[in-house]
Amino acid sequence: MTCSRIIVVLSALAIVTTQFTAQLPAGDHSPEWRGNNGQGHSDAVDLPESWNETEHIAWKQKLPGLGWSTPVVENGQVWVTTAIDKLAPPAEAERRRKASTNSQPLRISESVSLRAVGLDLQTGEIIREVEVLSQQDPQMIHIDNTYATPSPIIENGRLYCHYGPCGIACLDVNTGDVLWRNQSLVVKHENGAGSSPILWNDLLIIHCDGIDRQYIVALDKQTGEEVWKTPRTGKLHDNPQLRKSYATSLIVDINGQPQIVSPSADWIYGYDPSTGKELWKLNYGTLGFSNAARPVASNGMIFTCTGYMKSQILAFKIDEQNKPRLAWRYKDQVPNVSCPLLVGDEIYFASDAGIATCIDSKTGKLHWKERIGKRFWAAPLYADGKIYFFDRNGTTTVIAPGTTFKKLSVNKLEGTLLSTAAAVDGSLILRTDQALHCIR
């Protein structure tokens, strides 16, 4: 989740995100998870480097319910999704628990209200709270997850809110009207949803990778109606619990054409975004499931994390015949959940065990590895020349990018932190389970 404009010189096999090929917007809004380019970069400037609960907090606002979705910002408004649920009675929870093959600790609810909350960027005042969807007997979720974990997208006054199998809806942020709802994209996650939608032209593209069905789908962003739907191909694990994925796609320019780069369990795929046609796929060569990371891409390469059990980073190219060619793989302290961050020729990531790593993107060679915290799930952010790593315990470690480790600050907020920050000029918007913070 760059303070300067990025210029990418294309070679014959150059691969860059489509956001990079257009003129980048100013750093006054943050439209989706992982910033303006979907890779964890922001154009925001004048960002704080240090803070705590009493210093550099412009405002702090407690939100209704709970969610791990990243805030999005447009036209001076901050929007988040959240969920307010009512737990199922113990006997009903036990009955549903026994009907599942999931061995994880679960939250089992009787009902859930799925909401969008808008705040004033300058003051933190809640200006609108809208119930966009609701559901009786929603699917159970992991106790570390929420019913509002996928991040929304904001574009031209429309907020696209995704709640996994509970549904997706489009909200007019100026009127509070729900313009459309779609609750047909149901797969069985059991641990809850995690994949965030992406926008490409007039299409809203969504991953649906459950234990029962696995597919990618595109909806018309104006109506919510299905445009195309493509089942995943390739053999998956015999255990249905190892077929799940919570990852998010990236649109990439490959050989002069836009393609969806889409990680799933055991495979990463390339699709034509206009039709959903599968163009290529690459097997991880190792067990990989429940992956949550979004890929990064540049300089003719794509980089993806494989997820659980022991995550690896795979680096590969797509040749002119649309065939993936693996260049290297890196296996040490790769996160199961968090994302890699590509800045210049270096890839940065922080593991579930609190270890931050910097490797060379061309070769996979290690530059440095340092302990900076305890457990990282939120995606890192690059903005205003700094890299921000968000620890689950509420601590943000700020470092300088480079092949030598340089720590700039360590900053602590109260509560649990599983969401990456949104950055706009002069402000970081950071969400914990305690409150939404504006840091200036």
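Two strands pair if DSSP finds at least two bridges between them; strands (E, at least two residues) are DSSP runs, numbered from the N terminus. The model is predicted, so local features need pLDDT of at least 70, side-chain atom pairs count only at pLDDT 80 or more, and totals for chains, interfaces and linings use all residues. Residues are numbered from 1 along each chain as its sequence is written, and side-chain values use heavy atoms, with hydrogens and water left out.

**Exercise 1.** Determine the strand order of the open sheet of four strands and locate β2 within that sheet.

*Solution.*
1. The order is β2-β35-β34-β33, and the pairing is antiparallel.
2. β2 (57-61) and β33 (422-424) are the edge strands, each pairing on one side only.
3. Neighbouring strands are turned by 15 degrees against each other on average, direction ignored; the axes are lines fitted to C-alpha atoms, and angles run from 0 to 180 degrees between N-to-C directions.
4. β2 is joined to the antiparallel strand β35 (residues 436-439) by four bridges.
5. Opposite I57 stands I439 in β35.

**Exercise 2.** Establish whether R232 is buried or exposed, and identify the polar contacts of its side chain with S262 and Y271.

*Solution.*
1. R232 is found in the loop between β16 (226-231) and β17 (250-254).
2. R232 counts as buried because its relative accessibility is 11%, where buried means under 20% relative accessible area, exposed over 50%, and partly exposed in between (1.4 Å probe, protein chains only).
3. The side chain of R232 forms a polar contact of 2.8 Å with the side chain of S262 and another, of 3.0 Å, with that of Y271. A polar contact is a pair of N or O atoms within 3.5 Å; within protein, one must be able to donate a hydrogen and the other to accept it, and residues adjacent in sequence count only if both atoms are side-chain atoms.
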